[in-house]
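Colleague: I'm new to this structure and would love a close look at a single part of it. Could you pick one helix and walk me through it and its surroundings, starting with what you mean by the word?

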Amino acid sequence: MKINPYLKDKKFHPEQPWFVLNTSHYFWQTHATLPDISHFYSFKTSREARLTMAVPDGCVDILFDCHPQFPTARICGTTLEARNAYLSEERLYFGVRFNAGKIPDFLDACADDIPDNEFNFLDAAPQGKTLFARIVEAKDFTSKIVLFQQYYSRYLTRKNSLVTQSVIQGIHTAAGNIRIDQLAILTGYSCRTIQRQFKQDIGLSPKTFSRIVRCQSALNRIHEGGISSCGDISYDLGFSDQSHFLREFKRFTSTTPTHYLTQITEQHYGRRLIDPQH
C-alpha cells in the first residue's frame with residue numbers, strides 16, 4: 001500500500017455535490033460536541049430543481065422536508081452508485097449527515113438494510129415524533145441544529161466493533177486505496193473476520209466502503225484545488241490506470257472529472273456553500 005504524501009493527513013469529508021449545485025445557498029455546519037455527525041445542512045430547492053443526483057458517500061442522512069402543511073422526514077442510506085434523488089420544488093430541507101460508517105442507535109433498522117435504501121423517519125424512529133414537528137416548525141438553521149442536538153444527546157451512535165473501527169481508520173488513512181489483505185496486515189485481524197464483522201456493523205463490505213472513500217477522496221481533491229490532469233489524481237489515489245479511474249468516477253458521480261470540474265467552476269460551487277459560523 002502506497003499512501004501519497006498529499007493525502008496522508010487529509011480528513012475525509014463526505015460530499016453530495018449535486019445537492020449543492022441545485023440550490024443558490026447551501027448552509028452547512030459541523031458540531032464539535034457531536035463527533036459522530038459529519039455536519040448539518042440546509043437548502044431550499046428552486047422551481048426547477050425537482051430531480052438531483054445522490055452519490056455514494058458511505059453515510060446515513062436524516063433529511064427533513066420542512067413544508068408547513070405536508071412535512072416529511074426520511075432516513076437515507078448511502079447509495080452504491082450515482083442515483084436520481086427526487087426533491088419537492090421550492091421546499092426548505094434540513095439534513096443531518098452522520099460520519100461514514102456511523103449509524104444512529106435510535107434507528108429501528110438492521111445495518112444490512114440501510115445502504116442503498118430509504119425509510120420514513122417516523123417508521124424507523126417513532127420516538128422522534130416531537131423532534132420531527134419541532135424541527136419543521138423552527139424558523140432558522142441554528143434552531144433546528146439545537147433541537148436535533150438536544151434529541152440526539154439522549155441516545156448513542158451504534159458502537160462499531162474494534163475490528164470495524166480499525167478497518168475504517170485504515171481505509172480513511174489510505175484514502176480508500178487499500179486491499180483486504182493489506183487491511184488484515186495493518187489491523188492484525190484475519191480477512192474473514194474483517195469481512196464478517198465489517199458487514200455486520202455497517203452493512204457494507206470493506207471493498208465497497210473503500211471504493212466509496214476513494215471516489216469521495218477524488219471529489220475532495222478536486223474541490224480543494226482542481227486537477228491538472230486525470231492522470232495526476234488517478235496516480236494520487238492509486239488507481240491501476242487512468243481509464244479505471246474514469247470508469248469509477250463516472251459510475252459514482254454520473255459524469256467525468258473534467259466535466260465535473262467545469263460544472264463546479266462555472267456554477268461557482270464554493271460561493272454556494274455558507275457556514276454560518278464564519
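Modeller: Happy to! Helices here are DSSP runs of H or I with at least four residues, strands are E runs of at least two, and both are numbered from the N terminus. Bear in mind that this is a predicted model. As a quick example of the naming, Asp-236 belongs to helix 9, which covers residues 230-236. Asp-236 counts as buried because its relative accessibility is 12%, and buried means under 20%. Its C-alpha atom is 9.7 Å from that of Arg-221, a residue 15 places away along the chain.

For the close look, let's take helix 4, made up of residues 141-152. From first C-alpha to last, its 12 residues span 17 Å, close to the 16 Å expected at 1.5 Å a residue. At the N-terminal end sits a cap: a side-chain oxygen of Asp-140 lies 3.2 Å from the backbone nitrogen of Thr-142.

Now look at which residues of helix 4 are buried: Phe-141, Lys-144, Ile-145, Leu-147, Phe-148, Tyr-151 and Tyr-152. Viewed down the helix axis, these residues fall within an arc of 165°, so they line one face of helix 4. The cover over them includes strands 1, 2, 4 and 7, along with helix 3.

Let's visit two of those neighbours. Strand 2 holds Ser-42, which counts as buried because its relative accessibility is 5%. Beyond its neighbours within four places in sequence, Ser-42 touches Phe-141 of helix 4, and its other contacts include His-25, Tyr-26 and Phe-27 as well as Leu-92, Tyr-93 and Phe-94. With Tyr-93 there is also a polar contact: the side chain of Ser-42 reaches the backbone oxygen at 2.8 Å.

The other neighbour is strand 4, residues 61-65, where five of five residues are buried. Both of its faces are covered, with Asp-61, Leu-63 and Asp-65 buried on one side and Ile-62 and Phe-64 on the other. Strand 4 pairs antiparallel with strand 7 through five bridges, and Arg-97 in strand 7 is the bridge partner of Asp-61. Five bridges also link strand 4 to strand 5, again in the antiparallel sense. There, Leu-63 stands opposite Arg-74, and a hairpin of six residues joins the two strands.

To retrace the tour, start at the cap on Asp-140, follow the buried face of helix 4, and then move out to the strands that help cover it.

Methods: Residues are numbered from 1 along each chain as its sequence is written. This is a predicted model: local features need pLDDT of at least 70, side-chain atom pairs count only at pLDDT 80 or more; totals for chains, interfaces and linings use all residues. Side-chain values use heavy atoms; hydrogens and water are left out. Buried means under 20% relative accessible area, exposed over 50%, partly exposed in between (1.4 Å probe, protein chains only). Two strands pair if DSSP finds at least two bridges between them. The expected span of a helix is 1.5 Å times one less than its number of residues. The arc is that of the directions from the helix axis to the C-beta atoms. Contact means heavy atoms within 4.5 Å. A polar contact is a pair of N or O atoms within 3.5 Å; within protein, one must be able to donate a hydrogen and the other to accept it, and residues adjacent in sequence count only if both atoms are side-chain atoms.
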